[in-house]
Amino acid sequence: KIVKVKHGDEIPADLVLLVSSESQTGQAYVETSNIDGETNLKIKQSCLSSIDEAETGGYKIKENKSVAQALIDIEYEPPCGRIHTFEGTLNLKVEKDTTAVIKLPLESRNFLLRGSSLRNTKWILGLVVYSGRDTRLVRNSREAPSKLSEMERVVNNMVYFILFSMIIVSSVSTIAY
C-alpha cells in the first residue's frame, strides 16, 4: 500500500520512501524525537531518485501519477527489532507489457520508522513494509522492568503468607468453636 504523508504528520507505519516533494534531490527530513529523543533532523533518500529517465525509456517516475501507474514489487527482510538497519530490493516494472525490470537496492537511508515526523518537506509517498505488531519499533520494545527491590519482593511474599495463614487459622477456629 502506498501512503502519502504531509509536512508535520507522524509516519503511520514503517515505510520505504518512494518519492519526495523535493524532486531535485529526492530527500526528506525526518525528526525521530518520539523514538530516540534526538531533535536533530535525519535526511532520508527516496529510492526512486537514483533512477534516470534513460533507464525507464524516458518515463518520469518521480511524480505522483507515475508512481501509481508503475508496477512495484518489493523484497525485504522479515520483521525484526533492528531499528538502524534495513535491507531489501525494489523491483520496478515501468510498463505492463515489457519484461524489463529495474532492481533498486534498499537500505536504511530509504527506510522511515513509524512514530517519526516529517519536517521541512511538503509531502512524501511511501510504500508500507511493516505495520501493526510487525513494525520495528514494536519489535524493539520490551516490557518495563519491575521497580521493586529484592527486599520488597521478599516482604510482599511474607505478608501474603501471613495473610493466608491468618485466614486458615480463623476458619479452623470458627469451625471448631
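**Figure 1. The whole chain, seen from its surface inward.** The protein chain exposes about 11,400 Å², and carbon and sulfur atoms supply 54% of that. Keep in mind that this is a predicted model. Buried residues make up 33% of the 177 residues in the chain. If you count up the secondary structure, you'll find 4 helices and 10 strands. Starting at the N terminus, the elements run β-β-β-α-β-α-β-β-β-β-β-β-α-α. Take the contacts in the chain with a separation of 6 or more: residues 24 or more positions apart account for 64% of them.

**Figure 2. A look into the largest pocket.** This pocket holds about 200 Å³ of space. Which residues lie nearest its centre? They are Thr32, Lys42, Lys44, Ile83 and Leu113, out of 14 residues that line the pocket. Sorted by class, the lining has 6 nonpolar, 5 polar and 3 charged residues. Three elements, α1 (33-36), β4 (41-45) and β8, each supply at least two residues of this lining.

**Figure 3. Ser116, tucked into a loop.** Find Ser116 in the loop between β8 (111-112) and β9 (117-119). Is Ser116 buried or exposed? Its relative accessibility is 1%, so Ser116 counts as buried; the cut-off for buried is under 20%. The side chain of Ser116 reaches the backbone oxygen of Leu113 at 2.6 Å, and you've already met Leu113 as one of the residues nearest the centre of the largest pocket. Look beyond the neighbours within four places in sequence and Ser116 is in contact with Asp9, Glu10, Ile11, Val30, Glu31, Thr32 and Ile35.

**Figure 4. Two residues side by side in the β9-β10 loop, Asn120 and Thr121.** Asn120 lies in the loop between β9 and β10 (123-130), and Thr121 lies in that loop too. Their surroundings are worth a careful look. Asn120 is exposed, with a relative accessible area of 53%, whereas Thr121 is buried, with just 2%. Most residues other than glycine have a negative phi. Asn120 isn't a glycine, yet it has a positive phi of about 55°.

**Figure 5. Closing in on Thr121 and its contacts.** Which backbone atom lies 3.1 Å from a polar atom of the Thr121 side chain? That's the backbone nitrogen of Tyr29. Not counting neighbours within four places in sequence, Thr121 is in contact with several residues, including His7, Ser20, Ser21 and Glu22. Gln27, Ala28 and Tyr29 are also among the contacts of Thr121. Now try finding Val5: Thr121 and Val5 are 116 residues apart along the chain, but their C-alpha atoms are separated by 9.7 Å.

**Figure 6. Loops on either side of β6: Glu77 and Ala100.** Glu77 lies in the loop between β5 (71-76) and β6, while Ala100 is found in the loop between β6 (88-93) and β7 (102-106). Why does Glu77 count as buried? Glu77 counts as buried because its relative accessibility is 15%, and the cut-off is under 20%. Ala100, at 53% relative accessibility, counts as exposed. Leaving out neighbours within four places in sequence, Glu77 is in contact with Arg82, Thr85, Phe86, Glu87, Tyr130 and Arg136. For Ala100, with residues up to four places away again set aside, the residues touched are Leu92 and Lys93.

Methods. Residues numbered from 1 in each chain as written. Predicted model: local features only at pLDDT ≥ 70, side-chain atom pairs only at ≥ 80, totals over all residues. Heavy atoms only, no water. Buried < 20%, exposed > 50% of the residue type's maximum accessible area, 1.4 Å probe, protein only. Contact = heavy atoms within 4.5 Å. Areas by Shrake-Rupley, 256 points an atom, 1.4 Å probe, with all protein chains shown as cover. Polar contact = N/O pair within 3.5 Å; in protein donor to acceptor, adjacent residues only side chain to side chain. 1 Å grid on protein atoms, 1.4 Å probe; cavity = no way out; pocket = protein on both sides within 12 Å on 5 of 7 lines; lining within 4 Å. Points joined across faces, edges and corners; volume = space filled by probe spheres on them. Nonpolar A, V, L, I, M, F, W, Y, C, P; charged D, E, K, R; others polar.
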